[in-house]
Amino acid sequence: MFDPSAYRKNPLEIQDNMLRLRWFIRNQPLVTPKHQTESGEKPETIVIFGANGQIGKKLRKFLEEHHLYEGQVKYADVFFNDPRDKPGRKTAIEKADEAGCDNINIADMGQVERYLVKNNAKAVINLAAFLSADAEKPENKIAALKVNM
């Protein structure tokens, strides 16, 4: 059985995984590195949807700490009209703005497509999802299907 605490305690294993990841990025990158693009050509990007969520924040921190794909990652947070947004509390859009994420309504495929074309996206990492408690509400069922599928 996998024991995550044992993994955290073994720095050699972590270092070995970092070396593998660096080799993979150098030899089989998701996008063409900026310095290899033609002059005047728009660099390819990786778009991460749900970048302000739990996993997205960790992925962003990892990429930035290790200087991976610098300047070629677009962080986008997704939003929906949240009935829990109350006066005096920050909305999901305000939180995303503070985190430096673009705001995208991922249930609007036209908006998603325009965003991907505008940013010359060659890879997409979709971390956006409705949580089961929200997805089961009658008013969210259609949007949950669009996002989670």
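1. Helices here are DSSP runs of H or I with at least four residues, and strands are runs of E with at least two, both numbered from the N terminus. On that basis the protein chain of this predicted model has seven helices and four strands. Along the sequence they follow the pattern α-α-β-α-β-α-β-α-β-α-α.

2. The four strands form an open sheet in the order β3-β2-β1-β4, and the pairing is parallel. The edge positions belong to β3 (102-104) and β4 (121-126); each has a single partner strand, so one side of each lacks a neighbour in the sheet. On average, neighbouring strands of the sheet are turned by 30 degrees against each other, direction ignored.

3. At the β3 edge, the partner is strand β2 (residues 73-78), which runs parallel to β3 and is joined to β3 by three bridges. In this pairing Ala-76 stands opposite Asp-102 of β3.

4. Helix α3 (residues 54-65) lies across three strands, namely β1 (45-49), β2 and β4. The angle between α3 and β2 is about 165 degrees. Of the strands that α3 crosses, β4 is an edge strand of the sheet.

5. Some totals for the protein chain follow. Among contacts with a separation of 6 or more, 67% are between residues 24 or more positions apart. The chain has 149 residues, and 29% of them count as buried, with the cut-off for buried set at under 20% relative accessible area. The accessible surface comes to about 10600 Å², and carbon and sulfur atoms account for 55% of this area.

Key:
Residues numbered from 1 in each chain as written. Predicted model: local features only at pLDDT ≥ 70, side-chain atom pairs only at ≥ 80, totals over all residues. Heavy atoms only, no water. Pairing = 2+ DSSP bridges. Axes fitted to C-alpha atoms, helices over the stretch in contact; angles between N-to-C directions. Contact = heavy atoms within 4.5 Å. Buried < 20%, exposed > 50% of the residue type's maximum accessible area, 1.4 Å probe, protein only. Areas by Shrake-Rupley, 256 points an atom, 1.4 Å probe, with all protein chains shown as cover.
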